[in-house]
Amino acid sequence: MKFLKLVENDPRALTPKILSAIVEEQTKDQRPPDDWVHCSEVGTCPMKIALRLSGIKGEFSQGSYLNFFIGKLIHSGYQRVLVGKVLESAEATLRLPSLKLVGHDDGHGQTFVAEFKTMSKDARRIGNRPQRHHVLQITAYLKLLEKNQGNLIYIDKSNGQLEEYILEFDDADWAEIVKRIALARKFEEELKNPWPDKALQNEAMASECLFYWESWECGYCQFARSCPIKDSILLLWKERRK
Ligand code: SF4
């Protein structure tokens with residue numbers, strides 16, 4: 001058989017059409033802007049939440065749309081097979097109006113909440129622990145669903161391996177989530193009311209954000225180009241590591 005690796009812009013290539021169909025589908029599915037904080041956000045940089053709450057549009061690459069799409073397919077496949085056998089139900093939407101916190105879990109049973117994460121082995125763990133933002137996300141679901149046990153299941157896209165962690169609800173983690181949401185709301189207000197010295201304000205916000213932020217986040221952030229504190233927070237982080 002003869003074969004040929006297609007170069008970009010070859011009119012016979014299906015890849016650009018596949019990608020643009022996926023981007024169109026993913027964009028159509030994007031949730032409308034709202035002023036609720038989502039459980040999937042509670043462990044991420046509070047400024048990121050504030051920028052979304054302020055109506056700033058995130059910029060996504062084609063690659064990230066494709067990743068979301070593959071992740072969604074895997075999730076829905078697992079849910080389709082598991083509901084009624086392992087999970088009682090999937091995708092409950094719950095709200096905690098006092099904090100304007102909303103969540104949409106992957107699935108749950110009488111005593112547990114299940115969360116699936118599709119990612120490579122290297123990306124998912126720090127040492128032998130689940131990532132902090134995943135722990136906080138599950139904690140938020142546990143609070144909303146009033147359950148004590150979270151089952152965090154990592155699905156390795158490259159080889160199909162599963163790795164599972166059990167997490168118990170922890171009051172200290174919940175207290176951190178409450179602080180993170182309060183900080184995101186504070187930043188949202190700050191963005192509406194700029195100080196005369198904007199640089200000073202950005203430094204002050206960066207310093208407050210630092211404790212709730214991880215250094216890898218800016219590299220993957222859809223708000224990186226609009227973020228007022230990105231440079232300051234990276235600088236502060238570098239200074240503190242010296
Ligand atoms: S660019 Fe960095 S600091 Fe700014 S919102 Fe994104 S993650 Fe947060």
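1. Start with G150: in this predicted model, G150 stands opposite L167 in β9. That pair belongs to a longer run, since β8 and β9 (residues 162-168) are antiparallel partners joined over 7 bridges. The two strands make a hairpin with 6 residues between them. Have a look at G160 in the turn, where phi is positive, about 75°.

2. β8 has another partner too. Strand β5 (residues 112-118) runs parallel to β8 (residues 149-155), and 7 bridges hold the pairing together. If you want a place to begin tracing it, F112 has Q149 as its bridge partner in β8. A handy bit of background: strands of a sheet pair through backbone hydrogen bonds, either parallel or antiparallel.

3. Now follow the chain out of β5. S120 sits in the loop between β5 and α4 (121-124). Is S120 buried or exposed? It counts as exposed, because it has 11 C-beta neighbours inside 10 Å, and the cut-off for exposed is 12 or fewer. Setting aside neighbours within four places in sequence, S120 touches D156, K157 and S158. Y212, on the other hand, is 92 residues from S120 in sequence and 24 Å from it in space, C-alpha to C-alpha.

4. There is also an open sheet of 3 strands, in the order β1-β3-β2, with mixed pairing. Which strands stand at the edges? They are β1 (37-38) and β2 (93-96); each has a single partner strand, so one side of each has no neighbour in the sheet. β1 pairs with β3 in the parallel sense over 2 bridges, and H38 is found opposite V102 in β3.

5. On to the inside. The largest nonpolar core has 36 residues, and M47, A140, A184 and C209 have the most contacts inside it. Elements giving two or more residues to this core are α2, β3 (101-104), β5, α5 (132-145), α6 (171-192) and α7 (198-209). Which of them gives the largest share? That is α5, with 7 residues.

6. A184 deserves a closer look. Leaving out neighbours within four places in sequence, its contacts are V37, P46, I49, A50 and L53. Try clicking through these on the structure to see how A184 meets residues from elsewhere in the chain.

7. Next, the ligand. It is surrounded by 13 residues, and the closest are C45, E217, C218, C221 and C227. By type, the shell splits into 10 nonpolar, 3 charged and no polar residues. Both α2 (46-53) and α8 (230-241) supply at least two residues of this shell, but α2 gives the most, with 3. So you meet α2 twice in this note: around the ligand and in the largest nonpolar core.

8. Helix α3 (residues 62-82) makes a nice ruler exercise. Its 21 residues should span 30 Å at 1.5 Å a residue, and the end C-alpha atoms are 30 Å apart, so the two values agree. Just after α3 comes G84, with a positive phi of about 95°.

9. Finally, step back to the whole chain. It has 8 helices and 9 strands, and its C-alpha trace spans about 70 × 50 × 40 Å along the principal axes. Of the 242 residues, 27% are buried. Among contacts with a separation of 6 or more, 68% are between residues 24 or more positions apart.

How values were computed: Residues numbered from 1 in each chain as written. Predicted model: local features only at pLDDT ≥ 70, side-chain atom pairs only at ≥ 80, totals over all residues. Near = placed C-beta within 6 Å. Helix = DSSP H or I, 4+ residues; strand = E, 2+ residues; numbered from the N terminus. Nonpolar A, V, L, I, M, F, W, Y, C, P; charged D, E, K, R; others polar. Pairing = 2+ DSSP bridges. Core = buried A, V, L, I, M, F, W, Y, C linked by C-beta atoms within 7 Å. Buried ≥ 20, exposed ≤ 12 C-beta atoms within 10 Å, placed from the backbone. Contact = placed C-beta atoms within 7 Å. Expected span 1.5 Å × (residues − 1).
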